[in-house]
Amino acid sequence: MGKHDQAIEYQIKAVVNEAGSGDLDHQANAGLEMGRIYTLAGEYPKAEKAINKITDLSKENGGAYWEAKSYYYLGVTKAASGKPAEAKKLFADAQRICDEIGEQELNDNIKLAQAKLAK
């Protein structure tokens with residue numbers, strides 16, 4: 001809808017709320033959504049910062065699914081910002097983790113993103 005400023009403002013509140021009271025899943029989801037919104041708004045450095053926080057959080061807490069999803073979101077951000085080589089590497093890392101943990105739905109999304117990148 002193009003209302004990125006409003007979405008960003010709302011999501012910042014959600015991230016702060018989840019950081020204070022949410023579990024790892026809620027924190028990770030809120031942080032990745034923040035990165036997705038920043039990517040859609042074309043604010044790639046902010047998107048990368050938000051996503052990297054979740055990558056670090058997932059590594060510290062043994063959350064392989066969230067680590068894979070972070071790499072996927074970061075790959076989408078890199079692709080959108082005109083860095084396809086970096087996106088390919090991130091998608092490959094995400095896919096490797098998905099294969100290790102048996103996460104098919106995320107793996108399917110990664111394959112779609114890779115196909116778009118190949119065009």
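Which residue forms a salt bridge with Glu 86? Select Glu 86 and look for its partner: Lys 78, with the closest N and O atoms 2.9 Å apart. Keep in mind that this is a predicted model.

**Stop 1: the Lys 78 network**

Stay on this pair and color by accessibility. Lys 78 is buried, at a relative accessible area of 9%. The cut-off for buried is under 20%, so 9% qualifies. Glu 86 counts as partly exposed, at 39% relative accessibility. Now add Glu 48 to the selection. Glu 48, Lys 78 and Glu 86 form one network, joined by salt bridges that share partners.

**Stop 2: helix H4**

Next, select residues 64-80, which make up helix H4. Lys 78 is one of the buried residues here. Put a distance monitor on the end C-alpha atoms of H4: they lie 24 Å apart. At 1.5 Å a residue, a helix of 17 residues should span 24 Å, so the two values agree.

Now show the surroundings. Twelve of the 17 residues of H4 are buried, so the helix is largely enclosed by the rest of the structure. Select the buried set in pieces. Trp 66, Glu 67, Ala 68, Lys 69 and Ser 70 are among them. So are Tyr 71, Tyr 72 and Tyr 73, along with Leu 74 and Gly 75. Thr 77 and Lys 78 belong to the buried set too.

What covers these residues? Turn on H2, helix H3 (44-61), helix H5 (84-101) and helix H6 (104-118), which are included in the cover over the buried residues of H4.

Then step past the end of the helix. Gly 82 follows H4, and its phi is positive, near 80°.

**Stop 3: helix H2**

Move to residues 24-40, helix H2. Select Glu 33 and Arg 36. Their side chains meet in a salt bridge, 2.6 Å from N to O. Why check the spacing of Glu 33 and Arg 36 along helix H2? The two are three residues apart in the helix, so about one helical turn separates them. Both ends of this bridge are partly exposed: Glu 33 has a relative accessible area of 23%, and Arg 36 has 34%.

**Stop 4: Glu 43 and Lys 46**

Finish with Lys 46. Its salt-bridge partner is Glu 43, and the closest N and O atoms are 3.4 Å apart. Lys 46 is partly exposed, with a relative accessible area of 46%. Glu 43 is partly exposed as well, at 24% relative accessibility.

**Before closing the viewer**

How many salt bridges does the structure hold? The total is six.

Technical notes: Residues numbered from 1 in each chain as written. Predicted model: local features only at pLDDT ≥ 70, side-chain atom pairs only at ≥ 80, totals over all residues. Heavy atoms only, no water. Salt bridge = Lys/Arg side-chain N within 4 Å of Asp/Glu carboxyl O. Helix = DSSP H or I, 4+ residues; strand = E, 2+ residues; numbered from the N terminus. Buried < 20%, exposed > 50% of the residue type's maximum accessible area, 1.4 Å probe, protein only. Expected span 1.5 Å × (residues − 1). Contact = heavy atoms within 4.5 Å.
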